[in-house]
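Student: I'd like to learn how to read a structure model feature by feature. Could you walk me through one?

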Amino acid sequence: MRILGIDPGLRITGFGIIDKTGQKLAYVTSGCIKSNASDSLPLRLKTLLDGIGEVITAHRPDEAAVEKVFVNVNPQSTLLLGQARGAAIAALVLANLPVAEYTALQVKQAVVGHGKAAKEQVCHMVTRLLQLPGEPSADAADALACAICHAHGGQGLGNIATHGFRVRNGRLI
């Protein structure tokens with residue numbers, strides 16, 4: 001199975017593709033899609049939509065995993081991130097890919113084993129799990145981590161019914 005992971009962002013959207021054969025994971029490719037900050041919002045969203053479409057066409061993933069929006073202190077930033085995420089999901093759906101969504105907590109739990117892991121820990125574990133010769137960029141590492149989380153069946157909180165619970169310090173309460 002080939003899995004495309006997406007770390008959405010309006011300025012930089014990370015992508016990472018892995019192959020899963022049995023329990024073995026293999027790195028395929030990763031990178032970033034960058035939109036021009038001086039372009040209008042619709043043009044920036046089109047850049048993301050087209051870029052993800054090109055990745056799908058070139059690598060033919062079977063499934064996709066997208067990181068859910070993290071609510072920021074700044075509502076305007078959260079809205080812009082949500083729009084970028086919507087463009088990413090639209091590109092995946094247009095390609096008829098099944099889309100799974102994971103929170104940052106779920107991704108970190110599956111990759112590092114701790115929901116409050118730092119970005120550096122996630123990047124390090126992605127590098128180790130996929131036996132990469134060097135560390136990918138932060139956005140590509142997050143996208144690869146999302147793909148790894150999906151490959152592991154959304155381990156961590158992914159397979160646990162979390163409705164009615166809260167998360168504190170990376171733990172379900």
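Tutor: We will go from the overall layout to helix packing, then to cysteines and a few single residues. Keep in mind that this is a predicted model.

Student: Let's begin with the layout. How many helices and strands does the chain have?

Tutor: There are five helices and seven strands. Following the sequence, their order is β-β-β-α-β-α-β-α-α-α-β-β. Two percentages add to that picture. Of the chain's 173 residues, 42% count as buried. Among contacts with a separation of 6 or more, 58% join residues 24 or more positions apart.

Student: Next, helix packing. How is a pair of packed helices described?

Tutor: Two values are used: the angle between the axes and the distance between them. Here, take α1, residues 41-59, and α2, residues 75-94: their axes come within 9 Å and cross at roughly 35°. The crossing of α1 past α2 is right-handed.

Student: Which residues of α1 and α2 meet there?

Tutor: From α1 the participants are Leu41, Leu45, Leu48, Leu49, Ile52, Gly53 and Ile56. From α2 they are Leu80, Gln83, Ala84, Ala87, Ala88, Ala90, Ala91, Leu92 and Leu94. By type, the residues of this contact comprise 14 nonpolar, two polar and no charged.

Student: Now a single helix. Which residues of α4 are buried?

Tutor: In α4, residues 119-129, the buried ones include Val122, Cys123, Val126 and Thr127. Looking down the axis of α4, the buried residues fall within an arc of 135°, so they line one face of the helix. On the other side of α4, Glu120 and Arg128 are exposed.

Student: What do the buried residues of α4 pack against?

Tutor: They pack against α3 (104-111) and α5 (138-151). In α3, the buried residues include Leu105, Gln106, Val107, Ala110 and Val111.

Student: My bench habit is to check cysteines early. How many disulfides does the structure hold?

Tutor: In general, a disulfide is a covalent bond between the sulfur atoms of two cysteines. This structure holds zero disulfides.

Student: Why is there no bond from cysteine 146 to cysteine 149?

Tutor: The closest cysteine sulfur to that of cysteine 146 is in cysteine 149, and at 6.3 Å it is too far for a bond. The cut-off used for a disulfide is sulfur atoms within 2.5 Å.

Student: Are these cysteines buried or exposed?

Tutor: Cysteine 146 is buried, with a relative accessible area of 0%. Cysteine 149, which sits in helix α5, is also buried, with a relative accessible area of 0%. Cysteine 32, on the other hand, is partly exposed at 29%. For a link across the sequence, look at cysteine 149 and lysine 108: they are 41 residues apart along the chain, and their C-alpha atoms are 8.2 Å apart.

Student: A charged residue, please. Where is glutamate 67, and is it buried or exposed?

Tutor: Glutamate 67 lies in strand β4, residues 63-67. Because its relative accessibility is 14%, glutamate 67 counts as buried; the cut-off for buried is under 20%.

Student: Which residues does glutamate 67 touch, leaving out those up to four places away in sequence?

Tutor: Glutamate 67 touches Ile6, Asp7, Pro8, Arg85, Tyr102, Ala104, Asp142 and Cys146. Consider isoleucine 6 from that list: it is 61 residues from glutamate 67 along the chain, yet their C-alpha atoms are separated by 6.6 Å.

Student: Finally, backbone angles. Which residue has a positive phi of about 60° although it is not a glycine?

Tutor: That is asparagine 96. Asparagine 96 is in the loop between α2 and β5 (99-102), and it is exposed, with a relative accessible area of 69%.

Student: What phi does glutamine 131 take, and where is this residue found?

Tutor: Glutamine 131 is another residue other than glycine with a positive phi, near 50°. It is found in the loop between α4 and α5, just after α4. At 71% relative accessibility, glutamine 131 counts as exposed.

Student: And which residue takes a positive phi just after α3?

Tutor: That one is glycine 113, with a positive phi of about 95°.

Methods:
Residues are numbered from 1 along each chain as its sequence is written. This is a predicted model: local features need pLDDT of at least 70, side-chain atom pairs count only at pLDDT 80 or more; totals for chains, interfaces and linings use all residues. Side-chain values use heavy atoms; hydrogens and water are left out. Axes are lines fitted to C-alpha atoms, for helices over the stretch in contact, and angles run from 0 to 180 degrees between N-to-C directions. Helices (H or I, at least four residues) and strands (E, at least two) are DSSP runs, numbered from the N terminus. A crossing is left-handed if the near helix is turned anticlockwise from the far one by less than a right angle, and right-handed if clockwise. Contact means heavy atoms within 4.5 Å. Ala, Val, Leu, Ile, Met, Phe, Trp, Tyr, Cys and Pro count as nonpolar, Asp, Glu, Lys and Arg as charged, and the others, Gly among them, as polar. Buried means under 20% relative accessible area, exposed over 50%, partly exposed in between (1.4 Å probe, protein chains only). The arc is that of the directions from the helix axis to the C-beta atoms.
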